[in-house]
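Student: I should like a close look at one part of this model, namely its aromatic pairs, followed by a connected account of the charged pairs, the helix packing and some individual residues. Please proceed residue by residue where that is useful.

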Amino acid sequence: MRIAIVLPPGGLFAVEQPNSIETVIRTLATQAGEDEVLKIFCDEGARTHGDLPVHVTPAGGDRHERLVQALEAFAPDIIEFHQHAISAARLARRFPKALRLLYRHNDVKPPRNPIDMWRYRQRYKAFDGLIFVSEASRAAFIAVYPTFADRAFAVRNPIDATLWAASPDTREPLIVFAGRAIPEKGMDLLCEALPDVLNRHPEWRAELFLGDWRKHVGWAGPHVERMLARTDRVVIRPHAPLTEVREATRRAAIAVVPSVWAEPLGLSALEAHAAGAALVSSGRGGLREVSGPHAVYVEPLTADALATAIEALITDPERRLTLARTGQDHVMKTHTPAARAAELSALRRRLLDARAVAP
(Lines give C-alpha, C1' and ligand atoms only; values in the text may rest on other atoms or scores of the structure.)
Protein backbone atom coordinates (compact mmCIF):
# COMPACT_ATOMS: atom_id res chain seq x y z
CA MET A 1 0.00 0.00 0.00
CA ARG A 2 1.30 3.41 -0.98
CA ILE A 3 -0.04 5.82 1.63
CA ALA A 4 0.10 9.60 1.44
CA ILE A 5 -0.37 11.31 4.80
CA VAL A 6 -1.42 14.91 4.22
CA LEU A 7 -1.05 17.35 7.10
CA PRO A 8 -3.48 20.26 7.47
CA PRO A 9 -2.51 23.73 6.18
CA GLY A 10 0.30 25.06 8.35
CA GLY A 11 1.39 21.59 9.43
CA LEU A 12 5.20 21.58 9.45
CA PHE A 13 5.92 18.10 10.84
CA ALA A 14 8.69 19.61 12.93
CA VAL A 15 10.84 17.46 15.17
CA GLU A 16 11.85 20.37 17.39
CA GLN A 17 8.37 21.51 18.50
CA PRO A 18 5.58 19.26 17.19
CA ASN A 19 1.93 19.82 17.90
CA SER A 20 -0.24 17.00 19.21
CA ILE A 21 -1.52 16.00 15.76
CA GLU A 22 2.00 15.69 14.38
CA THR A 23 3.07 13.69 17.44
CA VAL A 24 0.32 11.14 16.78
CA ILE A 25 1.14 10.98 13.06
CA ARG A 26 4.83 10.44 13.72
CA THR A 27 4.22 7.81 16.41
CA LEU A 28 1.94 5.78 14.13
CA ALA A 29 4.10 6.25 11.01
CA THR A 30 7.22 4.91 12.70
CA GLN A 31 5.31 1.64 13.29
CA ALA A 32 4.08 1.23 9.71
CA GLY A 33 3.66 -2.30 8.41
CA GLU A 34 6.06 -3.94 5.99
CA ASP A 35 3.53 -3.64 3.16
CA GLU A 36 3.03 0.11 3.73
CA VAL A 37 5.05 2.75 1.86
CA LEU A 38 4.43 6.10 3.55
CA LYS A 39 5.16 9.67 2.61
CA ILE A 40 4.28 12.70 4.76
CA PHE A 41 3.08 15.82 2.92
CA CYS A 42 3.64 18.97 4.97
CA ASP A 43 4.23 22.71 4.59
CA GLU A 44 7.55 24.52 4.56
CA GLY A 45 8.99 25.89 7.79
CA ALA A 46 10.45 23.13 9.95
CA ARG A 47 14.19 22.95 10.63
CA THR A 48 14.14 19.14 10.79
CA HIS A 49 11.55 16.49 9.91
CA GLY A 50 13.23 13.35 11.23
CA ASP A 51 13.83 10.10 9.35
CA LEU A 52 10.41 9.58 7.75
CA PRO A 53 9.96 10.30 4.01
CA VAL A 54 8.62 13.83 3.65
CA HIS A 55 7.45 16.03 0.79
CA VAL A 56 7.58 19.73 1.67
CA THR A 57 5.20 22.14 -0.07
CA PRO A 58 7.01 25.49 -0.47
CA ALA A 59 5.37 28.63 0.88
CA GLY A 60 3.71 30.94 -1.63
CA GLY A 61 1.86 30.16 -4.81
CA ASP A 62 -1.13 27.85 -5.07
CA ARG A 63 -0.72 25.31 -2.25
CA HIS A 64 -3.62 23.23 -3.51
CA GLU A 65 -2.27 22.74 -7.02
CA ARG A 66 1.24 22.06 -5.74
CA LEU A 67 -0.11 19.37 -3.46
CA VAL A 68 -2.13 17.86 -6.30
CA GLN A 69 1.00 17.62 -8.45
CA ALA A 70 3.04 16.09 -5.62
CA LEU A 71 0.33 13.54 -4.82
CA GLU A 72 -0.03 12.61 -8.48
CA ALA A 73 3.71 11.99 -8.66
CA PHE A 74 3.57 9.74 -5.58
CA ALA A 75 0.52 7.84 -6.96
CA PRO A 76 -0.90 6.68 -3.60
CA ASP A 77 -3.38 3.87 -3.07
CA ILE A 78 -4.57 5.64 0.07
CA ILE A 79 -4.62 9.33 0.93
CA GLU A 80 -5.02 10.04 4.63
CA PHE A 81 -5.96 13.66 5.23
CA HIS A 82 -5.55 14.95 8.75
CA GLN A 83 -7.89 17.32 10.53
CA HIS A 84 -8.79 20.11 8.07
CA ALA A 85 -11.93 18.90 6.30
CA ILE A 86 -12.37 21.87 3.94
CA SER A 87 -9.00 21.66 2.20
CA ALA A 88 -9.03 17.85 2.47
CA ALA A 89 -12.38 17.50 0.69
CA ARG A 90 -11.21 19.76 -2.11
CA LEU A 91 -8.09 17.65 -2.59
CA ALA A 92 -9.94 14.35 -2.19
CA ARG A 93 -12.21 15.10 -5.13
CA ARG A 94 -9.15 15.26 -7.38
CA PHE A 95 -8.26 11.63 -6.59
CA PRO A 96 -11.37 9.50 -7.11
CA LYS A 97 -9.31 6.32 -7.70
CA ALA A 98 -7.54 6.47 -4.32
CA LEU A 99 -9.03 5.43 -1.00
CA ARG A 100 -9.61 8.78 0.74
CA LEU A 101 -9.67 8.97 4.52
CA LEU A 102 -10.25 11.94 6.80
CA TYR A 103 -8.49 11.56 10.15
CA ARG A 104 -10.12 13.84 12.73
CA HIS A 105 -8.22 14.67 15.92
CA ASN A 106 -11.09 16.55 17.50
CA ASP A 107 -14.86 16.57 17.29
CA VAL A 108 -16.48 17.94 14.16
CA LYS A 109 -18.34 21.23 14.15
CA PRO A 110 -22.12 20.73 14.48
CA PRO A 111 -24.29 22.43 11.85
CA ARG A 112 -26.01 25.64 12.89
CA ASN A 113 -28.79 25.48 10.29
CA PRO A 114 -30.03 23.33 7.36
CA ILE A 115 -27.62 25.01 4.94
CA ASP A 116 -24.69 24.07 7.19
CA MET A 117 -25.99 20.51 7.39
CA TRP A 118 -26.16 20.22 3.60
CA ARG A 119 -22.68 21.75 3.18
CA TYR A 120 -21.05 19.52 5.79
CA ARG A 121 -22.72 16.41 4.42
CA GLN A 122 -21.42 17.19 0.94
CA ARG A 123 -17.94 17.66 2.41
CA TYR A 124 -17.92 14.31 4.22
CA LYS A 125 -19.17 12.52 1.11
CA ALA A 126 -15.76 13.20 -0.43
CA PHE A 127 -14.22 10.58 1.87
CA ASP A 128 -14.44 6.80 1.88
CA GLY A 129 -13.77 6.68 5.61
CA LEU A 130 -13.64 8.98 8.61
CA ILE A 131 -11.30 8.08 11.48
CA PHE A 132 -11.78 9.46 14.99
CA VAL A 133 -9.39 9.24 17.93
CA SER A 134 -11.91 7.80 20.38
CA GLU A 135 -15.24 6.01 20.49
CA ALA A 136 -16.59 9.12 22.20
CA SER A 137 -15.69 11.29 19.21
CA ARG A 138 -17.09 8.75 16.76
CA ALA A 139 -20.35 8.56 18.71
CA ALA A 140 -20.62 12.36 18.79
CA PHE A 141 -20.20 12.48 15.01
CA ILE A 142 -22.75 9.74 14.33
CA ALA A 143 -25.29 11.44 16.60
CA VAL A 144 -25.26 14.41 14.22
CA TYR A 145 -24.58 12.56 10.95
CA PRO A 146 -26.16 9.09 11.31
CA THR A 147 -26.03 8.37 7.56
CA PHE A 148 -22.21 8.23 7.80
CA ALA A 149 -22.17 5.59 10.55
CA ASP A 150 -20.94 2.88 8.19
CA ARG A 151 -17.87 4.87 7.22
CA ALA A 152 -16.93 6.22 10.67
CA PHE A 153 -14.26 4.40 12.70
CA ALA A 154 -12.26 4.91 15.89
CA VAL A 155 -8.52 4.35 16.36
CA ARG A 156 -7.39 5.64 19.74
CA ASN A 157 -4.19 7.66 19.89
CA PRO A 158 -0.99 5.83 20.81
CA ILE A 159 1.89 7.00 22.91
CA ASP A 160 5.51 5.97 22.89
CA ALA A 161 5.59 5.49 26.64
CA THR A 162 9.31 4.77 26.65
CA LEU A 163 9.94 8.46 25.91
CA TRP A 164 7.98 9.48 29.01
CA ALA A 165 8.41 6.65 31.48
CA ALA A 166 9.92 7.35 34.88
CA SER A 167 9.52 5.57 38.19
CA PRO A 168 6.39 6.65 40.11
CA ASP A 169 8.13 5.78 43.38
CA THR A 170 10.30 8.87 43.80
CA ARG A 171 8.42 12.06 43.03
CA GLU A 172 8.68 15.73 43.82
CA PRO A 173 5.73 17.42 45.54
CA LEU A 174 4.84 18.99 42.20
CA ILE A 175 1.53 19.46 40.34
CA VAL A 176 1.67 19.93 36.56
CA PHE A 177 -0.80 21.13 33.96
CA ALA A 178 -0.01 21.11 30.23
CA GLY A 179 -2.51 22.50 27.75
CA ARG A 180 -3.54 25.42 25.63
CA ALA A 181 -4.45 28.60 27.49
CA ILE A 182 -8.11 28.43 26.43
CA PRO A 183 -11.39 28.06 28.36
CA GLU A 184 -12.01 24.54 27.04
CA LYS A 185 -8.98 23.18 28.92
CA GLY A 186 -10.24 24.29 32.34
CA MET A 187 -7.16 26.37 33.11
CA ASP A 188 -9.29 29.02 34.83
CA LEU A 189 -10.71 26.43 37.24
CA LEU A 190 -7.22 25.23 38.08
CA CYS A 191 -6.00 28.80 38.65
CA GLU A 192 -8.83 29.28 41.12
CA ALA A 193 -8.28 25.93 42.84
CA LEU A 194 -4.50 25.92 43.32
CA PRO A 195 -3.78 28.82 45.71
CA ASP A 196 -5.71 27.51 48.72
CA VAL A 197 -4.39 23.98 48.20
CA LEU A 198 -0.78 25.13 47.94
CA ASN A 199 -1.12 27.51 50.87
CA ARG A 200 -2.34 24.64 53.06
CA HIS A 201 0.57 22.45 51.89
CA PRO A 202 3.64 24.69 51.70
CA GLU A 203 5.96 21.89 50.60
CA TRP A 204 3.99 21.57 47.33
CA ARG A 205 4.24 23.71 44.18
CA ALA A 206 2.86 23.75 40.64
CA GLU A 207 4.04 24.35 37.09
CA LEU A 208 1.61 25.33 34.34
CA PHE A 209 2.70 24.79 30.73
CA LEU A 210 0.46 27.06 28.68
CA GLY A 211 0.37 26.67 24.92
CA ASP A 212 -0.84 29.43 22.56
CA TRP A 213 -0.23 31.92 25.36
CA ARG A 214 0.32 34.96 23.12
CA LYS A 215 -2.86 34.26 21.20
CA HIS A 216 -5.04 33.82 24.29
CA VAL A 217 -3.33 36.01 26.89
CA GLY A 218 -6.30 38.38 26.86
CA TRP A 219 -8.46 35.67 28.37
CA ALA A 220 -5.88 33.65 30.29
CA GLY A 221 -3.79 36.50 31.68
CA PRO A 222 -6.28 37.76 34.29
CA HIS A 223 -6.81 34.24 35.67
CA VAL A 224 -3.06 33.75 36.03
CA GLU A 225 -2.62 37.17 37.67
CA ARG A 226 -5.32 36.49 40.27
CA MET A 227 -3.74 33.13 41.07
CA LEU A 228 -0.23 34.56 41.44
CA ALA A 229 -1.59 37.26 43.73
CA ARG A 230 -2.70 34.50 46.12
CA THR A 231 0.32 32.17 45.98
CA ASP A 232 4.00 32.37 45.05
CA ARG A 233 4.48 28.65 44.42
CA VAL A 234 3.18 28.43 40.85
CA VAL A 235 5.52 28.81 37.87
CA ILE A 236 4.02 29.75 34.51
CA ARG A 237 5.79 28.32 31.46
CA PRO A 238 4.26 29.62 28.23
CA HIS A 239 5.22 28.12 24.86
CA ALA A 240 7.55 25.55 26.44
CA PRO A 241 8.93 22.85 24.13
CA LEU A 242 7.71 19.29 24.56
CA THR A 243 11.01 18.27 26.12
CA GLU A 244 10.41 20.61 29.07
CA VAL A 245 6.84 19.39 29.51
CA ARG A 246 8.08 15.80 29.51
CA GLU A 247 10.86 16.50 31.99
CA ALA A 248 8.49 18.17 34.47
CA THR A 249 5.82 15.47 34.14
CA ARG A 250 8.42 12.79 34.84
CA ARG A 251 9.18 14.55 38.16
CA ALA A 252 5.63 15.50 39.18
CA ALA A 253 3.59 13.55 41.68
CA ILE A 254 0.26 14.82 40.31
CA ALA A 255 -0.92 15.87 36.84
CA VAL A 256 -4.23 17.64 36.24
CA VAL A 257 -6.38 17.51 33.09
CA PRO A 258 -9.47 19.56 34.02
CA SER A 259 -10.90 19.89 30.50
CA VAL A 260 -14.33 21.49 30.39
CA TRP A 261 -15.11 20.35 26.87
CA ALA A 262 -15.41 16.75 25.70
CA GLU A 263 -11.80 15.89 24.90
CA PRO A 264 -11.50 13.88 21.69
CA LEU A 265 -9.11 11.60 23.57
CA GLY A 266 -6.68 13.57 25.72
CA LEU A 267 -3.03 13.24 24.77
CA SER A 268 -1.91 15.12 27.89
CA ALA A 269 -3.64 12.47 30.04
CA LEU A 270 -1.85 9.71 28.12
CA GLU A 271 1.46 11.49 28.67
CA ALA A 272 0.83 11.97 32.39
CA HIS A 273 0.07 8.29 32.89
CA ALA A 274 3.09 7.22 30.83
CA ALA A 275 5.33 9.53 32.86
CA GLY A 276 4.17 7.95 36.13
CA ALA A 277 2.16 10.82 37.61
CA ALA A 278 -1.12 10.31 39.44
CA LEU A 279 -3.89 11.91 37.37
CA VAL A 280 -6.79 14.17 38.30
CA SER A 281 -9.16 14.28 35.32
CA SER A 282 -12.50 15.76 34.36
CA GLY A 283 -13.31 12.53 32.51
CA ARG A 284 -14.98 14.49 29.71
CA GLY A 285 -15.22 13.02 26.21
CA GLY A 286 -12.56 10.39 25.55
CA LEU A 287 -10.62 10.96 28.79
CA ARG A 288 -12.17 7.92 30.45
CA GLU A 289 -11.07 5.83 27.45
CA VAL A 290 -7.53 6.94 28.21
CA SER A 291 -7.51 6.29 31.95
CA GLY A 292 -10.13 3.68 32.74
CA PRO A 293 -10.30 3.33 36.54
CA HIS A 294 -6.78 4.72 37.02
CA ALA A 295 -7.58 8.42 37.60
CA VAL A 296 -9.44 10.62 40.06
CA TYR A 297 -12.47 12.00 38.20
CA VAL A 298 -13.91 15.38 39.20
CA GLU A 299 -17.69 15.61 39.00
CA PRO A 300 -19.19 18.15 39.11
CA LEU A 301 -16.33 20.06 37.53
CA THR A 302 -15.91 23.13 39.71
CA ALA A 303 -12.90 24.87 41.20
CA ASP A 304 -13.86 23.65 44.68
CA ALA A 305 -14.28 20.04 43.54
CA LEU A 306 -10.97 20.23 41.66
CA ALA A 307 -9.21 21.53 44.77
CA THR A 308 -10.75 18.72 46.86
CA ALA A 309 -9.57 16.06 44.38
CA ILE A 310 -6.01 17.42 44.27
CA GLU A 311 -5.81 17.73 48.04
CA ALA A 312 -7.12 14.20 48.50
CA LEU A 313 -4.11 12.89 46.58
CA ILE A 314 -1.69 15.16 48.41
CA THR A 315 -2.86 13.83 51.78
CA ASP A 316 -3.02 10.17 50.70
CA PRO A 317 0.41 9.23 49.32
CA GLU A 318 -0.43 5.51 49.25
CA ARG A 319 -3.44 6.04 46.98
CA ARG A 320 -1.45 8.51 44.90
CA LEU A 321 1.31 5.98 44.30
CA THR A 322 -1.17 3.20 43.48
CA LEU A 323 -2.88 5.36 40.85
CA ALA A 324 0.47 6.38 39.38
CA ARG A 325 1.66 2.78 39.09
CA THR A 326 -1.55 1.26 37.74
CA GLY A 327 -2.11 4.17 35.33
CA GLN A 328 1.38 3.83 33.90
CA ASP A 329 1.02 0.07 33.54
CA HIS A 330 -2.38 0.49 31.84
CA VAL A 331 -1.05 2.93 29.25
CA MET A 332 2.05 0.87 28.53
CA LYS A 333 -0.08 -2.20 27.81
CA THR A 334 -3.11 -0.62 26.14
CA HIS A 335 -2.01 2.44 24.17
CA THR A 336 1.20 1.16 22.60
CA PRO A 337 2.29 2.48 19.17
CA ALA A 338 2.61 -1.05 17.79
CA ALA A 339 -0.95 -2.01 18.77
CA ARG A 340 -2.52 1.21 17.52
CA ALA A 341 -0.51 1.18 14.26
CA ALA A 342 -1.55 -2.43 13.62
CA GLU A 343 -5.16 -1.43 14.24
CA LEU A 344 -4.87 1.45 11.77
CA SER A 345 -3.09 -0.71 9.17
CA ALA A 346 -5.81 -3.35 9.40
CA LEU A 347 -8.49 -0.69 8.92
CA ARG A 348 -6.72 0.75 5.88
CA ARG A 349 -6.37 -2.70 4.33
CA ARG A 350 -9.97 -3.65 5.07
CA LEU A 351 -11.32 -0.45 3.50
CA LEU A 352 -9.03 -0.76 0.51
CA ASP A 353 -10.08 -4.37 -0.09
CA ALA A 354 -13.77 -3.50 0.32
CA ARG A 355 -13.43 -0.68 -2.18
CA ALA A 356 -11.77 -2.99 -4.68
CA VAL A 357 -14.72 -5.40 -4.71
CA ALA A 358 -17.48 -2.80 -4.41
CA PRO A 359 -19.80 -2.53 -7.43
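Tutor: Phe141 and Tyr145 are both buried. The model is a predicted one, and the description that follows should be read accordingly. The ring centres of Phe141 and Tyr145 lie 5.1 Å apart and their planes meet at 35 degrees, so this pair is classed as tilted. Phe141 and Tyr145 also belong to one aromatic cluster, whose members are Tyr124, Phe132, Phe141, Tyr145 and Phe148.

In total, the model contains nine aromatic pairs. One of them joins Phe81 to Phe127 in an edge-to-face arrangement, with 6.1 Å from centre to centre and 65 degrees between the planes. Phe81 belongs to strand 4 (residues 78-82), whereas Phe127 is in the loop between helix 4 (114-124) and strand 6 (129-132), so the pair ties together parts that are 46 residues apart in sequence. Phe81 and Phe127 are both buried.

Strand 4 and helix 4 appear again in the surroundings of helix 3. Six of the eight residues of helix 3 (residues 85-92) are buried, so this helix is largely enclosed by the rest of the structure. The buried residues in question are Ala85, Ser87, Ala88, Ala89, Leu91 and Ala92. They pack against strand 1 (2-6), helix 2, strand 4, strand 5 (99-104) and helix 4.

The charged pairs come next. A search of the whole structure yields 25 salt bridges. In one of these, Arg237 is paired with Glu207, and the closest N and O atoms are 3.0 Å apart. Arg237 is part of strand 10 (residues 234-238) and Glu207 is part of strand 9 (residues 205-211), so the salt bridge ties together parts that are 30 residues apart in sequence. The two partners differ in accessibility: Arg237 is partly exposed at 31%, while Glu207 is buried at 4%.

A further salt bridge links Arg340 with Glu343, with 3.2 Å between the closest N and O atoms. These two residues are three places apart in helix 13 (residues 337-357), and about one helical turn therefore separates them. The general reason is that an α-helix has 3.6 residues a turn, so residues three or four places apart point the same way. Arg340 has a relative accessibility of 8% and counts as buried, whereas Glu343, at 32%, counts as partly exposed. Elsewhere, salt bridges with shared partners connect Glu172, Arg205, Glu207, Arg237, Glu247 and Arg251 into one network; the Arg237 and Glu207 pair described above is thus found among its members.

The side chains of Arg233 and Asp232 also form a salt bridge, at 3.8 Å from N to O. Asp232 is exposed, with a relative accessibility of 69%.

As to helix packing, the axes of helix 6 (residues 187-200) and helix 7 (residues 213-230) come within 9 Å and cross at roughly 5 degrees. Helix 6 and helix 7 are therefore roughly parallel to each other. Helix 6 contributes Met187, Asp188, Cys191, Glu192, Leu194, Pro195, Asp196 and Asn199 to the contact, and helix 7 contributes Trp219, Ala220, His223, Val224, Met227 and Arg230. Sorted by class, the residues of this contact comprise eight nonpolar, two polar and four charged ones.

Two individual residues complete the account. His330 is located in helix 12 (residues 317-334). With a relative accessible area of 18%, His330 is buried, because the limit for that class is under 20%. Leaving aside residues up to four places away in sequence, His330 touches Val290, Ser291, Gly292, His294 and His335.

Pro58 is placed in the loop between strand 3 (54-57) and helix 2 (63-74). Its relative accessibility of 41% makes Pro58 partly exposed. With residues up to four places away in sequence again left out, Pro58 touches Glu44 and Arg66. Pro58 and Pro114 are 56 residues apart along the chain, and their C-alpha atoms are separated by 38 Å.

Notes:
Residues are numbered from 1 along each chain as its sequence is written. This is a predicted model: local features need pLDDT of at least 70, side-chain atom pairs count only at pLDDT 80 or more; totals for chains, interfaces and linings use all residues. Side-chain values use heavy atoms; hydrogens and water are left out. Helices (H or I, at least four residues) and strands (E, at least two) are DSSP runs, numbered from the N terminus. Buried means under 20% relative accessible area, exposed over 50%, partly exposed in between (1.4 Å probe, protein chains only). Contact means heavy atoms within 4.5 Å. Axes are lines fitted to C-alpha atoms, for helices over the stretch in contact, and angles run from 0 to 180 degrees between N-to-C directions. Angles under 35 degrees count as roughly parallel, over 145 as roughly antiparallel, 65 to 115 as roughly perpendicular and the rest as oblique. Ala, Val, Leu, Ile, Met, Phe, Trp, Tyr, Cys and Pro count as nonpolar, Asp, Glu, Lys and Arg as charged, and the others, Gly among them, as polar. A salt bridge is a side-chain nitrogen of Lys or Arg within 4 Å of a carboxyl oxygen of Asp or Glu. Rings of Phe, Tyr and Trp (its six-membered ring) pair if their centres lie within 6.5 Å; planes under 30 degrees apart count as stacked, over 60 as edge-to-face and the rest as tilted.
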